[in-house]
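Okay, thanks everyone, I'll keep this short. Let me put the structure up and then walk you through it.

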Amino acid sequence: MSAEASALPWASAPAAGNAIGLYARWTPALDAKIEAAVQALRDASIQHGAGLLQSSSLGVEDMVITDLIARHRLPIDIATLDTGRLHAETLALIPAVQARYSREVAVFSPVAEAVITFVQREGDDAMYKSLDLRKACCGVRKMEPLGRMLAGRSAWITGLRREQSGARGEVAVDEDDGSGTGRRKISPLADWTWAEVWAYVQKYEVPYNPLHDQFMPSIGCAPCTRAIAVGEDFRAGRWWWEDSTKECGLHAKS
Ligand code: SF4
């Protein structure tokens, strides 16, 4: 998919406002897409049982999926990573989800000693110094706890959409996660558009990160996320100083 195709659908510079007002548009296809997403979640739940969990980034796509899981009473665990560098607005969604849906969100954090050692050796801003150090930081703060999150699981649910970037243009609803273990990655919103995600949020009043209102379509750690400009790729605000695929390893296929 080209950068153009994955750019936000703004015809002109956006006015300040909320993301729902800017993006939400209920398309003729959305009812069927919701039905298909619920069916994908149900099928995965039946197939994997307790081996399935939602790995939520707490981004808007994942909030929609959590809403679908809760609304349809699917027995699927929900988990998230707290890297230690998330925005306060992101962290606030954890109790918000628990309160709204009466569902526990399991929080996986990096090993404290590993973080201290890394920061003492490389500095608090190591991610800006080189791609290798940025990936090392992601390794300590994301990949290691993700490994613990997925241990013993046969499938995980993500909010990946094909529209998000060229690197995600081929995302399938159900695919091998590339770990070499045969584990499956389920992406029930793979064919949803940005407008459809926000139309769902609007209709079902899904809680979402207010940073999305500040032109951050993709939200990661605070030091590595910035707002994007008109016409930029969805993930242009992630590791914006790099000329990379904008992936941290969670979903990169090497
Ligand atoms: S996104 Fe940035 S702060 Fe977060 S783990 Fe990766 S490099 Fe570190």
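**Core, sheet and ligand**

So, let's start with the inside: the largest nonpolar core has 40 residues, and the members that touch the most others are Val 64, Ile 157, Val 197 and Val 201. Keep in mind that this is a predicted model.

Take Ile 157. Leaving aside residues up to four places away in sequence, Ile 157 touches Leu 41, Ala 44, Leu 52, Gln 54, Ser 55, Ile 65, Ile 76, Ile 186 and Pro 188. There's another core apart from that one, with eight residues, including Leu 86, Met 127, Cys 138 and Cys 221.

Now the sheet. What's the strand order? It goes β3-β2-β1-β4-β6-β5, six strands in an open sheet with mixed pairing. At the edges you've got β3, 105-108, and β5, 174-176, each pairing on one side only. From one strand to the next, the twist averages 30°.

β1, residues 52-56, runs parallel to β4, residues 155-157, and they pair over three bridges. One bridge to look at: Leu 52 is partnered with Ala 155 in β4.

Then the helices. α2, residues 30-48, packs on the sheet and touches β1, β4, β5 and β6, with its direction at about 155° to that of β4. α3, residues 60-71, lies across β1, β2 and β4, at about 145° to β1.

Last stop, the ligand. Which residues are closest? Cys 137, Cys 138, Arg 141, Cys 221 and Cys 224, out of 13 that surround the ligand. By class, that shell is seven nonpolar, two polar and four charged. And Cys 138 and Cys 221 are the ones I mentioned in the eight-residue core.

Notes: Residues are numbered from 1 along each chain as its sequence is written. This is a predicted model: local features need pLDDT of at least 70, side-chain atom pairs count only at pLDDT 80 or more; totals for chains, interfaces and linings use all residues. A residue is near a molecule or strand if its C-beta atom, placed from the backbone, lies within 6 Å of it. Ala, Val, Leu, Ile, Met, Phe, Trp, Tyr, Cys and Pro count as nonpolar, Asp, Glu, Lys and Arg as charged, and the others, Gly among them, as polar. A nonpolar core is a set of buried Ala, Val, Leu, Ile, Met, Phe, Trp, Tyr and Cys residues joined through C-beta atoms within 7 Å. A residue is buried if 20 or more other C-beta atoms lie within 10 Å of its own, exposed if 12 or fewer, and partly exposed in between; C-beta atoms are placed from the backbone. Two residues are in contact if their C-beta atoms, placed from the backbone, lie within 7 Å. Two strands pair if DSSP finds at least two bridges between them. Helices (H or I, at least four residues) and strands (E, at least two) are DSSP runs, numbered from the N terminus. Axes are lines fitted to C-alpha atoms, for helices over the stretch in contact, and angles run from 0 to 180 degrees between N-to-C directions.
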